[in-house]
Amino acid sequence: MELFLIVAVTHFIALLSPGPDFFLILTTLFREGRHAAKCVCLGIVFGNIVVIGFVFISLFILGQLHHAILDVVKWGGIIYLSYLSYRCFTYAWHADFTHDTQVSSSEQKVPKKLKSLFYGIQSSVLNPKNILFYGTIILVIYRPYTTWQLCLVSLWMVCVVL
């Protein structure tokens, strides 16, 4: 029960601060509708599964995570989020909001649902907040618990995101 409380409280606190995933879901919902937003959510869940799997595989390969690796991830996240901020500001500065930029269905090469799913996966996997959050949680619970308990906690975390 202690394991569940640690993970549940930490996960709840992390979900209080919206990240890029939240804004991607909202903008997709407003721009493309409910079905596309659901595909983005599903992509985010798949991305979280990839991140959790990456953390477990990294721990298995390395044996333990060194502080230098966490520093590289932290600074990589800072650079990535700074880049996203820069792109948002430049887009807003140069955007022309007076005309509709809808692409007709015949011009789309990738189906809308698949594209939305890919955006969700990309947003989740490239979000440094996810990597740091899941890495920290798994580092805290990695040693004292069994593989079965870790799999159940990972499944629970993915279901909460969904």
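# Notebook: a look through an all-helix listing

**Entry 1, the surface.** I began with the outside of this predicted model. The chain exposes about 11,400 Å², and carbon and sulfur atoms supply 71% of that area.

**Entry 2, the layout.** Next I looked up the secondary structure. I found 7 helices and 0 strands. Reading along the sequence, I wrote down the pattern α-α-α-α-α-α-α.

**Entry 3, inside and outside.** I then asked how much of the chain is buried. Of its 162 residues, 27% count as buried. I also looked at contacts between residues with a separation of 6 or more, and 83% of these come from residues 24 or more positions apart.

**Entry 4, the core.** Which residues have the most contacts inside the largest nonpolar core? I noted Val7, Ile52, Tyr134, Ile137, Ile138, Ile141 and Met157, in a core of 17 residues. The elements that give two or more residues to this core are α1 (2-16), α3 (34-62), α6 (128-141) and α7 (147-161).

**Entry 5, isoleucine 137.** I picked one of those core residues for a visit of its own. Isoleucine 137 sits in helix α6. Is isoleucine 137 buried or exposed? Its relative accessibility is 5%, so I put it down as buried, since buried means under 20%. Leaving aside neighbours within four places in sequence, I found isoleucine 137 in contact with Val7, Thr10 and Met157. Threonine 10 made a nice example of folding for my notes: isoleucine 137 and threonine 10 are 127 residues apart in sequence, yet their C-alpha atoms are 8.0 Å apart in space.

**Entry 6, serine 123.** My next stop was helix α5 (residues 112-125), where serine 123 is found. Serine 123 has 12% relative accessibility, and therefore counts as buried. Which residues does serine 123 touch, not counting those up to four places away in sequence? I listed Pro20, Asp21 and Leu24.

**Entry 7, a pocket.** Last, I turned to the second largest pocket, which has a volume of about 450 Å³. I saw that 20 residues line this pocket, and that Leu15, Asp21, Phe22, Ile44 and Val161 lie nearest its centre. The elements that give two or more residues to the lining are α1, α2 (20-32), α3 and α6. Sorted by class, the lining has 12 nonpolar, 6 polar and 2 charged residues. I had met Asp21 before: serine 123 touches it, and here Asp21 is among the lining residues nearest the pocket centre.

Technical notes
Residues numbered from 1 in each chain as written. Predicted model: local features only at pLDDT ≥ 70, side-chain atom pairs only at ≥ 80, totals over all residues. Heavy atoms only, no water. Helix = DSSP H or I, 4+ residues; strand = E, 2+ residues; numbered from the N terminus. Buried < 20%, exposed > 50% of the residue type's maximum accessible area, 1.4 Å probe, protein only. Contact = heavy atoms within 4.5 Å. Areas by Shrake-Rupley, 256 points an atom, 1.4 Å probe, with all protein chains shown as cover. Core = buried A, V, L, I, M, F, W, Y, C linked by side-chain atoms within 4.5 Å. 1 Å grid on protein atoms, 1.4 Å probe; cavity = no way out; pocket = protein on both sides within 12 Å on 5 of 7 lines; lining within 4 Å. Points joined across faces, edges and corners; volume = space filled by probe spheres on them. Nonpolar A, V, L, I, M, F, W, Y, C, P; charged D, E, K, R; others polar.
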